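Here is a plain-language walk through one protein model, starting with its empty spaces. Have a look at the structure first, then read on.

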Amino acid sequence: MAEDVQRHEMATLRELLDEAVSGRGRVAMVTGAIATGKSALLYGLGEHAFAHDALLLAATGSPAESALPLGVLSQLVLGASMTEADRAVATALLRGGARPHPAGAPAAGRDGEQNGGRKGEQNGKDPAERTGEQVDLLVVDALCAVLLKLSERRPLIVVVDDLHHADPASRLCLSHLARRIAYARVMLVFSVPDAHTLGSLHTEMRRQPHCRAIRLGHLSPAEVTRLTPADARAAGAPGADAGAAAAPARWHALTGGNRLLVDALLEDHRAGDGRGERYAEAVLACLHRAGDGTPRVARALAVLGEAGPVPRLLGENDTATVRAVRELTGAGLLEGGRFRDEAARSAVLAGLDDHERVDLYRGAAELTYHDGAPVAVVAGHLLRAGHASQPWAPAILEEAAARALRHDGVEAAIEYLLLALRSCSDDRRRARIATVLVRAKWRIDPGTPAGHLAELTEALRRGHLTGGDAVVLAKALLWHGHAEDARDVLAHLRRLDGLDRDAVAELAAAHAWFRSSFPSFLPHLPELTDEQAGGAAHSLSADRRTESADALVRALTGGPLPETAVTAERILRGSRLDEMSMDTVESALLALTYTGRADLAAPWCDSFIAEAASRRAPSRQARLSAIRAEIGLRRGEAASAAAHAQRALELIPPDSWGVAVGGPLGSLLLAGAAMGRQEEFLPVVTRPVPEAMLETRFGLQYLHGKGRFHLAAGQARRALRDLRLCGELMGRWGLDSAEFIAWRLDAAQALIALGETQEARLLAEEQLTRSGGSRRVRGMALRVLAATAERRHRVMLLRQSAELLQDGGDRYELARSLTGLTEAYHAVGEFRRAAVLARRARTLAQECRAGALSRALPGDGDGAWGGEEPGARPVLSDAERRVAALAADGYSNREVAAKLFITVSTVEQHLTRVYRKLSVTRRADLPETLVGQRL
């Protein structure tokens, strides 16, 4: 690539070469910033030298060899083709000239003159060049004679790349040679970044009449465009010319036209490497080629982001930094004192070793702190250093974490807090930091903060944890099922003489939270005076959190009151998922759901789930998905509810849910029962759950789901046991809201399955009286009541049930009532009505994905409900169909019981009802259509 864009410079060198070959010696000084193609140009000239049968001597200066006397000259002379006699002379001269002279002893000059007597060769020389005068000038002259002798046989071309890194003795010798080739077949070609790097030597070279300067620059935008492959020019362009120019413009902006960097981008493009590994390597290669001190400045600049404070960070003077910044800018890495692109800066940072990284970032933290830089900047330096031992550091990290949490930077906040916790030695501050850390980790996975709970509990015992933080600790302990530890924390709070304002605010909200979620622990919570309770809400967010928790308590204890729904919606309108509002949103959504307004809660919940996803808060997404599952169940959306519940358990592993796992597990079981997919959801019901869960609201949800699941599977006694325990706890805790869990109706159905119709009727009637203003629960109660009533009353009760559920919004429960009404019409001989309702019920069941109901209802093509024959097939319940299908398939009662995990007695009861409904008297008369219809 370099030759392609350096035709003019190469032509100039070839002209000089032709002149040198003809006996007019020439010197070419090639200058240019890093990676402008100096080395490539010199290499290309060497290729042309062979066409003139010239002798090429090449050497390269290196910082590692700059202190080796005559090192570069040794590369030139010892690599030349010469006679053995000449080689022996040259070797001896090099060895003799490389010996150090006694300190202060001047070397003898040519013709017996001392060094100080040669005005033209000593005066005005820089210190580096004067160091070279320790080499005897007789040796220098003799070495030059050796080289000039070589040019007598063949034209001689001497090429030295990076002359500024050559040792002073070699530079002196080459300067001596340059003055003696005016009429020799010799061409000297040297490369340096710029005139400043050689000092007076460059000036002396340039004043020779046979010396030419060749200045190389970076590639222009047009040259970069010409080098960019066609597919890269068109990449990302929708076919427009403007798009075709995008890649070259970006490449030039990334590289400043630096040939090495452009080549690296080309290689990355050909390799399809979007990470730009070759570009990063090229950036580091540019630093390696830079002058002494420049890489260190580049690394400091990469850490700080700007050049201004670099001298103070490195403890150097401004001049050295300005020189390095100028070199880096010339190399195309910087623009305006900053890296042109973050990729270049990242490459430099990646090249730091551990020791230098710690030193630079620690120094940057000190510097930016004392300069009053933003907290996030200082904390970022501390984090990258991995140390925060300064007295001011923990406070900076805490503040940075608080700001990060407000802007959804949860991961960054956790990193800040972990470093602050490691670096802090003050026990009270450590306790405060650990509390905030628990809250931050909770937003990602509630299971991760568990390791800090023991430390916080110990801090509480030592008196290092404040009252407000103690409330947070108690809630976290309860979530993870550490009931005894939570009671100890609450007992400690009760023993405190006084509570600060934060503690009072936390307790005010905690009272309602414990009442709705952990009611058995409420007696252990300290009571607040009226004055404390009145002044607890010292901020809008605290007031809203308390109001939302109170609304949920009213929904769970007082039933579906319209004013509760109004309050919940008002709270939701003013809420966002910022640092502390999750409890507020959660309580308001549940309050709206448990007051019978799942239709209003659904769009709110969907909106907050989307917000949680955009804020990268998986814990909040999971908790909201669990609520969305509950909402879906009350709208008759079994499949959707199952999907949301499963999503909740994917976002937060079941073990991390603690006692709250009962919420999504209960919803899964209810959805599985409705869809008739018991075998698929059987692992859910057999999964171990925390024992402490049964002391929480989530335990009630789990018992309800498990009870209905057992009922759908034909295990009525197991179902009744779970449902009665659920009802007992709800009554004990005063959470007996029908819209929350209408447990009596499911218990009544279990009793009906067991043949205990009278007790079932009493439970259904009690639930009817407790339904309050809930049309949904009243409709459900009437459906169950119809199952216990005489045949002649069932149609009326089921019609009322369907009308109420039509307005109640629960399509699954409506489908169940319509299925019952279909059977009731058929039982009284109204076959045409039964047929019409059967089609409607079947369509609704299919929309709800209620597999059990869909299978219980006949299809349009099988003739059932389509005529008025008394022998048309009635509807079997899900459990009855499972038992009947196995019996029709030839299984004995004991085998059926084993397959369905129920008792033989239950099988016999189901078969009795099946025989009655199908008007048969024995197993052999069961219809063949039942075979293969097991769920």
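The largest cavity in this predicted model has a volume of about 670 Å³. A cavity here is a set of points, on a 1 Å grid over the protein atoms alone, where a 1.4 Å probe fits but cannot get out, and its lining residues have an atom within 4 Å of a point. Grid points are joined across faces, edges and corners, and the volume is the space filled by probe spheres set on the points.

Who sits around the middle of that space? Of the 37 lining residues, Trp 442, Lys 475, Asp 583, Glu 586 and Arg 623 are the closest to the centre of the largest cavity. Several helices give two or more residues to this lining, among them H25 (427-442), H27 (467-479), H33 and H35 (618-634). H35 makes the largest contribution, with six residues.

The whole structure holds five cavities of 30 Å³ or more. The second largest is lined by 24 residues, and those nearest its centre are Leu 633, Arg 634, Leu 670, His 704 and Arg 776. H37 gives the most to this lining, with four residues. H35 supplies at least two residues here, as do H37, H39, H43 (775-788) and H45 (811-827).

Here are the two cavities by volume and by kind of lining residue.

| Cavity | Volume | Nonpolar | Polar | Charged |
|---|---|---|---|---|
| Largest | about 670 Å³ | 18 residues | seven residues | twelve residues |
| Second largest | about 310 Å³ | eleven residues | five residues | eight residues |

In that table, Ala, Val, Leu, Ile, Met, Phe, Trp, Tyr, Cys and Pro count as nonpolar, Asp, Glu, Lys and Arg as charged, and the others, Gly among them, as polar.

Now for H27, one of the helices in the lining of the largest cavity. Its 13 residues reach 19 Å from first C-alpha to last, close to the 18 Å expected (the expected span is 1.5 Å times one less than the number of residues). Since 13 of its 13 residues are buried, H27 is largely enclosed by the rest of the structure. Buried means under 20% relative accessible area, using a 1.4 Å probe and protein chains only. Just after H27, Gly 481 takes a positive phi of about 80°.

Next, zoom in on Thr 593, which is in helix H33 (residues 582-594). Buried or exposed? Thr 593 is buried, with a relative accessible area of 1%. A polar atom of its side chain lies 2.8 Å from the backbone oxygen of Leu 589. Setting aside neighbours within four places in sequence, Thr 593 is in contact (heavy atoms within 4.5 Å) with Ala 601, Ile 631, Arg 634 and Glu 739.

Two loop residues have a positive phi without being glycine. Asp 53, with phi near 55°, is in the loop between helix H3 (38-49) and strand S2 (55-60). Arg 849, at about 60°, is in the loop between H46 (831-847) and H47 (851-856).

Stepping back, the protein chain has 50 helices and seven strands. These are DSSP runs, numbered from the N terminus: helices are H or I with at least four residues, strands E with at least two. Of its 935 residues, 56% count as buried.

A word on how to read these values: residues are numbered from 1 along each chain as its sequence is written, and side-chain values use heavy atoms, with hydrogens and water left out. Local features need pLDDT of at least 70 and side-chain atom pairs count only at pLDDT 80 or more, while totals for chains, interfaces and linings use all residues.

How values were computed: Buried < 20%, exposed > 50% of the residue type's maximum accessible area, 1.4 Å probe, protein only. Polar contact = N/O pair within 3.5 Å; in protein donor to acceptor, adjacent residues only side chain to side chain.
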